[in-house]
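Thanks for sharing this one. Here are my notes, in numbered points, to read with the model open beside you.

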Amino acid sequence: MAAEEDRQVLLYSYWRSSSAYRVRIALNLKGIDYRQSHVHLVKDGGEQNQPGYRDINPLGLVPALVHNGQTIVQSMAIIEYLEEVFTDKPLMPAGAVARARVRSIAQSICSEIQPLNNLAVLNFLKNRMQQAGPEVKAWYTHWIDRGFTAVETWLAAAPGDPFCHGESPGLADCFLVPQVYNAERFGCELGAFPRICEVAARCRSLAAFVQAAPENQADAPGAAN
Ligand SMILES: N[C@@H](CCC(=O)N[C@@H](CS)C(=O)NCC(=O)O)C(=O)O
C-alpha cells in the first residue's frame, strides 16, 4: 500500500502561471485536497530550468502533478486524469457532442493561444529575435484576438448558458478564466468579447476560482507565507 504522502496530490505551480491556475481551479471545483510546491519561473533564470525540476518535467514547464507516485504533466492531461480518478463533481457534461464542445473550447485556448504567448516564446522574441516591447505586445494581442474571436462565437451560440457550457462551471471554464487573466495582465482590449467577459466574471465570483487566483497564492508577492 502506498504511503500516506504518496496518495496526496502535489501540484508544482507558480502563482502567475495560467496553466497551473487551470489545474488549481479544477482541483478546487472537484473538492480535492492538494499541496503545492512552488517553482519560481523568473528568479535566477527560472527554477523550471534547473536540473531538480527538469527531473520532474523535462519540458521545464509548470504545472506538474504527483499522485500515487506518478508524475503527470500538461494541464489538459492533468485535469482529464483528475476527472477519471476523482469521479465526484464532474467537470465534463454528459453526451459525446457536449463533451466535444467543451474540449474544443478548452483545447483552442490550450493549444492555439497560450503556447504562442508563453514566457519562453516571449523571451525568444525579445532576446533572440531582438523584438522590442511594441512588437512583442502586437504578437501577444494578435494570438489573443484570433483565439478569443472563435471562443466568443461558440459562447455566443449558447447565450443562455451561465458558464462555458451549461449551468455549472466545468473544464472549459478552467481554461477560459486564466486566459482572460493573462489577457488583462498584458493590457489586451477585451471589449469585442462580451460573452467571454460575462462568463469569466461569473466564474471569478465563485470560491473555487477565487482560491485559485494568482493573487491569492502563497508564492504571490506580498502573500503572508
Ligand atoms: N501546454 C502546457 C503549457 C505549460 C506552460 O506553458 N507553462 C508555463 C507557465 S503558464 C511555463 O512553465 N513557462 C516556463 C517557461 O516558459 O520557461 C500545459 O498546458 O501545461
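1. A word on terms before the domain distances: the domain bounds used here come from an automatic or database domain assignment. For the protein chain, that assignment gives domain 1 (9–89) and domain 2 (96–210). The centres of the two domains, taken over C-alpha atoms, are separated by 19 Å. Please keep in mind throughout that this is a predicted model.

2. On the overall layout, the protein chain has 10 helices and 4 strands. Read from the N terminus, the elements follow the order α-β-α-β-α-β-β-α-α-α-α-α-α-α. The radius of gyration of the protein chain is 17 Å, close to the 17 Å that the globule rule gives for 225 residues, so the chain is as compact as a globular protein of that length. Along the principal axes, the C-alpha atoms of the protein chain fill a box of roughly 50 × 50 × 35 Å.

3. Now to the sheet. It is open, built from 4 strands in the order β2-β1-β3-β4, with mixed pairing. Which strands stand at the edges? These are β2 (34–38) and β4 (70–73); each has a single partner strand, so one side of each is left without a neighbour in the sheet. On average, and with direction ignored, neighbouring strands of this sheet are turned by 25° against each other. On the sheet packs α2, which touches β1, β2 and β3, and the direction of α2 makes about 155° with that of β1.

4. The antiparallel pairings are easy to follow through V66. Strand β1 (residues 9–13) runs antiparallel to strand β3 (residues 64–67), and 3 bridges join them. Here V66 of β3 is the bridge partner of L10. Between β3 and β4 the pairing is also antiparallel, over 4 bridges, and in β4 the bridge partner of V66 is T71. V66 thus has a bridge partner in β1 and another in β4.

5. Two backbone details deserve a look. The hairpin of β3 and β4 has 2 residues between the strands. N68 lies in that loop, and it has a positive phi of about 50° although it is not a glycine. On the other side of β3, in the loop between α3 (51–54) and β3, sits P63. A cis peptide bond joins V62 and P63, with omega about 10°.

6. How do the two domains meet, and how many residues are in contact? From domain 1, 12 residues are in contact with 15 residues of domain 2. On the domain 1 side, α2 and α4 each supply at least two residues, and α2 gives the most, with 8 residues. By class, this side of domain 1 divides into 7 nonpolar, 4 polar and 1 charged. So α2 is worth viewing from two directions, since it packs on the sheet and also contributes to the side that touches domain 2.

7. Finally, the ligand. Where does it lie? Both domain 1 (9–89) and domain 2 (96–210) give residues to the shell around the ligand, so the ligand lies between them. There are 17 residues around the ligand, and S17, L61, S75, L119 and A120 come nearest. The elements that give two or more residues to this shell are α2 (18–30), α4 (75–85) and α6 (119–128). By class, the shell has 8 nonpolar, 9 polar and no charged residues.

Methods. Residues numbered from 1 in each chain as written. Predicted model: local features only at pLDDT ≥ 70, side-chain atom pairs only at ≥ 80, totals over all residues. Near = placed C-beta within 6 Å. Nonpolar A, V, L, I, M, F, W, Y, C, P; charged D, E, K, R; others polar. Pairing = 2+ DSSP bridges. Axes fitted to C-alpha atoms, helices over the stretch in contact; angles between N-to-C directions. Contact = placed C-beta atoms within 7 Å. Rg over C-alpha atoms; globule rule 2.2 N^0.38 Å.
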